[in-house]
Amino acid sequence: MRSAARRRIRLLTVVVLAAGAAVVSGCAGASVDSADPAGAGDGLTGSLTVYAAASLQTAFDELLVLFAEENPDVAVQPLVTDGSSALATQIIEGAPADVFASADERTMREAVDAGAAADPVVFAENTLVLITPAANPAGIDDLADLAGATVVLCEPDVPCGAASITLLDAAGVEVDPASAEQNVTAVLTKVAAGEADAGLVYATDVRGRDDVEVIVPDGAADVVNRYPIAVTTRAASGEVARAFLDLVTGPAGQRVLADAGFAPAPSSRTPSSTP
């Protein structure tokens, strides 16, 4: 009888201890939930690769740093920049871009029509300026002076080149460029190095530069490049890509772009795919 009683006491002890552990565990769970109602792992995860027009490099480098700070679990890849048409071709052919930002709507439309990007929005505007080497050895004062000068322009099929042709045509100036570059950065580099008398680049490209002289030509305000941005259809994470797009088009992104010299995004947010 005593042996049976001892067994009953041991069994009761085990039951009481188990019940107590369950209560403690339940309390601990309640404490975690109240401290972090959303639970762990609610932030964005994945990776982000952005392809952007060369003229966006400074602003987008800053925006990617900001995005990485706000989303530490996202692997943010280095920004890929080039002429918009070159980037569009790469994306259409399957390059691993999650977001594409173009320097004009025509190039973005090509990517959309090819099924490589969707639902673009315009987030900034830019205009052209005329630049010469710092000493302006050729004495360039306006577009008319380019007729007999050594001039470097962007390729006609890239946004800065198309805009340059429009500006020159409106001014009635014919130019036979010494070279046609794939992106605006190459034009700026050659002029700054004294390899050309002049070139046409975006106003944002010359901010803070002292190695070139900047001239705002007549008619520049009438030739405006509208910059669209879109999530690609092959984005590794649509959620991550859209979060970056929201940063660019939101207040923080617009401040960074304004500091870089871009005009604010049109209030209408007109999709680039609209004819």
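**Close-up views of a predicted model**

**View 1. Asp119, a residue with a positive phi in a strand.** Asp119 sits in strand β6, which runs over residues 117–133. A quick note before going on: everything shown here comes from a predicted model. Asp119 is not a glycine, yet its phi is positive, at about 50 degrees. Is Asp119 buried or exposed? With a relative accessibility of 67%, Asp119 counts as exposed.

**View 2. Asn136, a residue with a positive phi in a loop.** Follow the chain to the loop between β6 and β7 (151–154), and you will find Asn136 there. Asn136 is another residue that is not a glycine but has a positive phi, here about 45 degrees. Its relative accessibility is 11%, so Asn136 counts as buried.

**View 3. The nonpolar cores.** How many residues does the largest nonpolar core have? The count is 65, and the residues with the most contacts inside this core are Leu48, Val50, Leu56, Phe60, Phe123, Ile229 and Phe244. Strand β6 gives the largest share of this core, with seven residues. There is also a second core, separate from this one, with 13 residues, among them Ala88, Ala95, Ala111 and Ala230.

**View 4. Helix α2 and its buried side.** Take α2 from end to end: its 14 residues should span 20 Å at 1.5 Å a residue, and its end C-alpha atoms are indeed 20 Å apart, so the two values agree. Which residues of α2 are buried? They are Ala59, Phe60, Leu63, Leu64 and Phe67. These buried residues cover an arc of only 130 degrees around the axis, and therefore they are on the same side of α2. A bit of background helps with the spacing: an α-helix has 3.6 residues a turn, so residues three or four places apart point the same way. Now look at the face of α2 turned away from the buried side, where you will see the exposed residues Thr58 and Glu69.

**View 5. The largest pocket.** This pocket holds about 300 Å³ of space. Its lining is made of 16 residues, and those nearest the centre of the pocket are Ser55, Thr58, Thr204, Asp205 and Arg207. Two or more lining residues come from each of the elements α2 (57–70) and α6 (184–192). Which element gives the most to this lining? It is α2, with four residues. Sorted by class, the lining has six nonpolar, six polar and four charged residues.

**View 6. Lys190 in helix α6.** Lys190 is found in helix α6. Its relative accessibility is 26%, so Lys190 counts as partly exposed. Compare its position with that of Val152: Lys190 and Val152 are 38 residues apart in sequence, and their C-alpha atoms are 7.6 Å apart in space.

**View 7. The second largest pocket.** Here the space comes to about 210 Å³. The lining includes Asp104, Glu105, Arg106 and Arg109, as well as Pro159, Ala162, Ala163 and Thr166. Val223, Val224, Asn225 and Arg226 line this pocket too. At least two lining residues come from each of α4 (105–113), α5 (159–171) and β11 (224–232). The largest share belongs to α5, which supplies four residues. By class, the lining of this pocket has five nonpolar, two polar and five charged residues.

**View 8. Helix α5 and the residue just after it.** With 13 residues, α5 reaches 18 Å from its first C-alpha to its last, close to the 18 Å expected at 1.5 Å a residue. Which residues of α5 are buried? The list is Pro159, Cys160, Gly161, Ala163, Ser164, Leu167 and Leu168. Just after α5 comes Gly172, with a positive phi of about 70 degrees.

**View 9. The cavity.** Rolling a probe the size of a water molecule over the atoms shows where empty space is left. How many cavities of 30 Å³ or more does the structure hold? There is one. The largest cavity has about 60 Å³ of space. Its lining has 14 residues, and Gly83, Ser84, Cys160, Val184 and Tyr202 are the closest to the centre. Cys160 is also one of the buried residues of α5. The lining of the largest cavity divides into eight nonpolar residues, five polar residues and one charged residue.

Technical notes: Residues are numbered from 1 along each chain as its sequence is written. This is a predicted model: local features need pLDDT of at least 70, side-chain atom pairs count only at pLDDT 80 or more; totals for chains, interfaces and linings use all residues. Side-chain values use heavy atoms; hydrogens and water are left out. Buried means under 20% relative accessible area, exposed over 50%, partly exposed in between (1.4 Å probe, protein chains only). On a 1 Å grid over the protein atoms alone, a cavity is a set of points where a 1.4 Å probe fits but cannot get out, and a pocket is an open set with protein on both sides within 12 Å along at least five of seven lines; lining residues have an atom within 4 Å of a point. Grid points are joined across faces, edges and corners, and a volume is the space filled by probe spheres set on the points. Ala, Val, Leu, Ile, Met, Phe, Trp, Tyr, Cys and Pro count as nonpolar, Asp, Glu, Lys and Arg as charged, and the others, Gly among them, as polar. The expected span of a helix is 1.5 Å times one less than its number of residues. The arc is that of the directions from the helix axis to the C-beta atoms. A nonpolar core is a set of buried Ala, Val, Leu, Ile, Met, Phe, Trp, Tyr and Cys residues joined through side-chain atoms within 4.5 Å.
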